[in-house]
Amino acid sequence: MRHTSNTQGRHVNGPGEAPGVMLSKDGLPGWLDPVVHAVETVEPLQLSRFLPPADGAGRQSAVLILFGEGERGPELLLMERASSLRSHAGQPSFPGGALDPEDGDPLAEGPLRAALREAEEETGLDPSGVQLFGVLPKLYIPVSGFVVTSVLGWWREPTPVGVVDPNETARVFTVPVADLTDPDNRATTVHPSGHRGPAFLVESALVWGFTAGIIDRLLHYSGWERPWDRDKQVPLDWRS
């Protein structure tokens with residue numbers, strides 16, 4: 001089943017700029033319909049209480065939330081950051097990073113370009129096989145000062161991915177959505193600071209923090225969430 005939208009791809013790059021940066025819902029698989037609806041209707045505070053500072057402070061960044069279709073159905077692309085990094089070391093995350101000047105306007109095409117560029121640099125992903133279809137409201141990560149735009153894509157033409165630079169990335173992997181929705185794989189993390197948040201124990205990894213928060217909200221507002229035991233706790237190491 002394919003998503004049949006009458007809207008044409010919405011280009012966000014101007015004349016003379018690099019091609020391929022556009023948003024389009026045309027031809028998406030039908031199972032992505034609930035995600036598309038969630039992206040179009042979710043409000044910032046429904047995703048997180050941490051919103052960008054009103055004074056414009058914070059470093060603009062973007063992540064790529066890439067949905068593919070594997071042997072077990074829908075899946076997400078994740079990576080594990082190298083343990084030597086200063087920020088979020090060893091954490092599973094979406095591919096992404098700070099915007100570069102050449103990415104363009106942070107309020108327009110910049111986050112889309114940055115998400116694809118970072119994904120290519122970190123995982124070897126071929127951006128030409130990715131169809132971008134949505135953008136979530138900007139959120140804020142206080143611990144690092146990043147203002148994050150989450151860009152959603154459909155892995156229309158999958159290509160091999162893997163670690164490009166071991167100094168930045170420990171591994172690259174995909175997680176079936178079925179595993180993310182499995183109640184047995186869900187838990188609540190408790191940080192030494194007292195902060196609590198959703199977590200997923202999948203692919204020999206503990207996905208927590210910003211990444212887990214976004215996955216949790218997407219599953220919820222897409223209607224994919226299954227009841228799970230929120231009292232099941234996983235403590236976080238003090239270095240996290």
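How many bridges join β11 to strand β14, and do the two run parallel or antiparallel? In this predicted model, the count is 3 bridges, and β11 and β14 (residues 233-235) run parallel. One of the contacts can be pinned to a residue: Thr188 has Gln233 of β14 as its bridge partner.

β11 also pairs with strand β12 (residues 196-202), this time through 5 bridges and in an antiparallel arrangement. Here Val190 is matched with Arg196 of β12. The hairpin that β11 and β12 make has 5 residues between the strands, and in it Gly194 takes a positive phi near 100°. As for burial, β11 spans residues 186-190, and 4 of its 5 residues are buried, so the strand is largely enclosed by the rest of the structure.

Now for the rings. Searching the whole structure turns up 4 aromatic pairs. Take Trp31 and Trp154: their ring centres are 5.7 Å apart and their planes sit at 80°, and because an angle over 60 degrees counts as edge-to-face, that is the label this pair gets. The two residues come from distant parts of the chain, with Trp31 in the loop between β2 (22-23) and α1 (33-41) and Trp154 in strand β9 (residues 146-155), 123 residues apart. Trp154 has a relative accessibility of 5% and counts as buried, since the cut-off for that is under 20%.

Trp31 has another partner in Trp224. The centres of these rings are 6.5 Å apart with the planes at 40°, so the pair is tilted. Trp224 lies in the loop between α5 (209-221) and β14, while Trp31 is in the loop between β2 and α1, so this pair ties together parts that are 193 residues apart in sequence. Put Phe67 alongside the three tryptophans and the set is complete: Trp31, Phe67, Trp154 and Trp224 form one aromatic cluster. A ring contact of another kind involves Phe173, where the charged end of Arg171 sits over the ring, 4.2 Å from its centre.

That leaves helix α5. With 13 residues, α5 reaches 18 Å from its first C-alpha to its last, close to the 18 Å expected at 1.5 Å a residue. Which residues of α5 are buried? They are Thr211, Ala212, Gly213, Ile214, Ile215, Asp216, Arg217, Leu218 and Leu219, so the charged Asp216 and Arg217 fall under the 20% cut-off too. After α5 comes Gly223, which has a positive phi near 80°.

Key
Residues are numbered from 1 along each chain as its sequence is written. This is a predicted model: local features need pLDDT of at least 70, side-chain atom pairs count only at pLDDT 80 or more; totals for chains, interfaces and linings use all residues. Side-chain values use heavy atoms; hydrogens and water are left out. Buried means under 20% relative accessible area, exposed over 50%, partly exposed in between (1.4 Å probe, protein chains only). Helices (H or I, at least four residues) and strands (E, at least two) are DSSP runs, numbered from the N terminus. Two strands pair if DSSP finds at least two bridges between them. Rings of Phe, Tyr and Trp (its six-membered ring) pair if their centres lie within 6.5 Å; planes under 30 degrees apart count as stacked, over 60 as edge-to-face and the rest as tilted. A charge sits over a ring if NZ of Lys or CZ of Arg is within 6 Å of the ring centre and within 35 degrees of the ring normal. The expected span of a helix is 1.5 Å times one less than its number of residues.
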